Amino acid sequence: MSEAVSCGGVVIFRGKILVLYKNMHNKYEGFVLPKGTVEAGESHEETALREVKEEASVNARIIKYIGTSKYTFTVGNDEIKKEVHWYLMTSDSYDSKPQREEYFMDSGYYKYHEAYHLLKFQNERNILEKAYAEYQRMRKNNEL
């Protein structure tokens, strides 16, 4: 069994959430939140910001650490135990451009309920739910 650590962001601009559509070799892969692998010497925060920038061309800033999701998947004969650290982020515009080299065919900002139902993975829906609740709490208390 191998272990992997990634970091990502729930990016919100004016109440809408950034999601990416992945389609590899004309095969539907689903909608996901931006995330990726920690590189040598990077902090989790640096990784999350870099991945949002690379995958969606979005300049984001971290508001708050949201939590971790854990899951396992198989590649060939190897089972990989993955841990993803998530951050609530904001951006300064709706502009985004998907990273085609990573098979992201589209990116955009969606209303909460749309983004929630578009996301392919339950663990990402759970993180979105937690991040959006915190976003709403912070807005209500004028903390943003």
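This is a short tour of a predicted model, one selection at a time.

**Stop 1: the whole chain**

Show the chain as a cartoon. Count the elements: there are three helices and seven strands. Now follow the chain from the N terminus. The order of elements is β-β-β-β-α-β-β-β-α-α. How compact is the chain? Its radius of gyration is 15 Å, close to the 15 Å that the globule rule gives for 144 residues, so the chain is as compact as a globular protein of that length.

Turn the model about its principal axes. The C-alpha trace spans about 50 × 30 × 25 Å along them. Of the 144 residues, 44% are buried. Next, think about contacts between residues with a separation of 6 or more. In 67% of these contacts, the partners sit 24 or more positions apart.

**Stop 2: two aromatic pairs**

Select the aromatic residues. How many aromatic pairs does the whole structure hold? A search finds 10. Begin with Y21 and F31. Their ring centres are 5.0 Å apart and their planes meet at 45°, so this pair is tilted: the angle is neither under 30 degrees nor over 60. Y21 belongs to strand β2 (residues 16-24) and F31 to strand β3 (residues 27-32), so the pair ties together parts 10 residues apart in sequence. Are these two residues buried or exposed? Both Y21 and F31 are buried.

Move on to Y65 and Y87. Here the ring centres lie 5.1 Å apart and the planes stand at 70°, so the pair is edge-to-face. Find the strands that hold them. Y65 is in strand β5 (residues 60-75) and Y87 is in strand β6 (residues 78-91). The two are 22 residues apart, and the pair links distant parts of the chain. Now switch on the surface. Y87 counts as buried because its relative accessibility is 4%, which is under 20%. Y65 has 39% relative accessibility, so it counts as partly exposed.

**Stop 3: a cluster of tyrosines**

Select Y112, Y116, Y132 and Y135 together. Ring pairs link these four into a cluster.

**Stop 4: the largest pocket**

Rolling a probe the size of a water molecule over the atoms shows where empty space is left. Look for the largest pocket, with a volume of about 600 Å³. Which residues are closest to its centre? Select K22, K35, Y71, K82 and F121. They are among the 23 residues that line this pocket.

Colour the chain by element next. At least two lining residues come from each of β3, β4 (35-37), α1 (44-56), β5, β6 and α3. Then colour the lining by class. You will find eight nonpolar, five polar and 10 charged residues.

**Stop 5: F73**

Stay with strand β5 and select F73, which lies in it. F73 has a relative accessible area of 30%, so it is partly exposed. Which residues does F73 touch, not counting those up to four places away in sequence? They are D78, E79, I80 and K82. K82 has appeared before, in the lining of the largest pocket. Now draw a distance from F73 to E29. These residues are 44 apart along the chain, and their C-alpha atoms are separated by 15 Å.

**Stop 6: E134**

Go to helix α3 (residues 122-140) and select E134. Is E134 buried or exposed? With 14% relative accessibility, E134 counts as buried, because the value is under 20%. Show its neighbours. Leaving out residues up to four places away in sequence, E134 touches K64, I66 and L88.

**Stop 7: two positive phi angles**

Finish with the backbone. Select H25, in the loop between β2 and β3. Its phi is near 55°, a positive value in a residue other than glycine. H25 counts as exposed because its relative accessible area, 63%, is over 50%.

The last selection is N142, in the segment after α3. N142 is not a glycine either, yet it has a positive phi of about 55°. Is N142 buried or exposed? It is exposed, with a relative accessible area of 70%.

Methods
Residues numbered from 1 in each chain as written. Predicted model: local features only at pLDDT ≥ 70, side-chain atom pairs only at ≥ 80, totals over all residues. Heavy atoms only, no water. Helix = DSSP H or I, 4+ residues; strand = E, 2+ residues; numbered from the N terminus. Buried < 20%, exposed > 50% of the residue type's maximum accessible area, 1.4 Å probe, protein only. Contact = heavy atoms within 4.5 Å. Phe/Tyr/Trp six-rings, centres within 6.5 Å; stacked < 30°, edge-to-face > 60°. 1 Å grid on protein atoms, 1.4 Å probe; cavity = no way out; pocket = protein on both sides within 12 Å on 5 of 7 lines; lining within 4 Å. Points joined across faces, edges and corners; volume = space filled by probe spheres on them. Nonpolar A, V, L, I, M, F, W, Y, C, P; charged D, E, K, R; others polar. Rg over C-alpha atoms; globule rule 2.2 N^0.38 Å.
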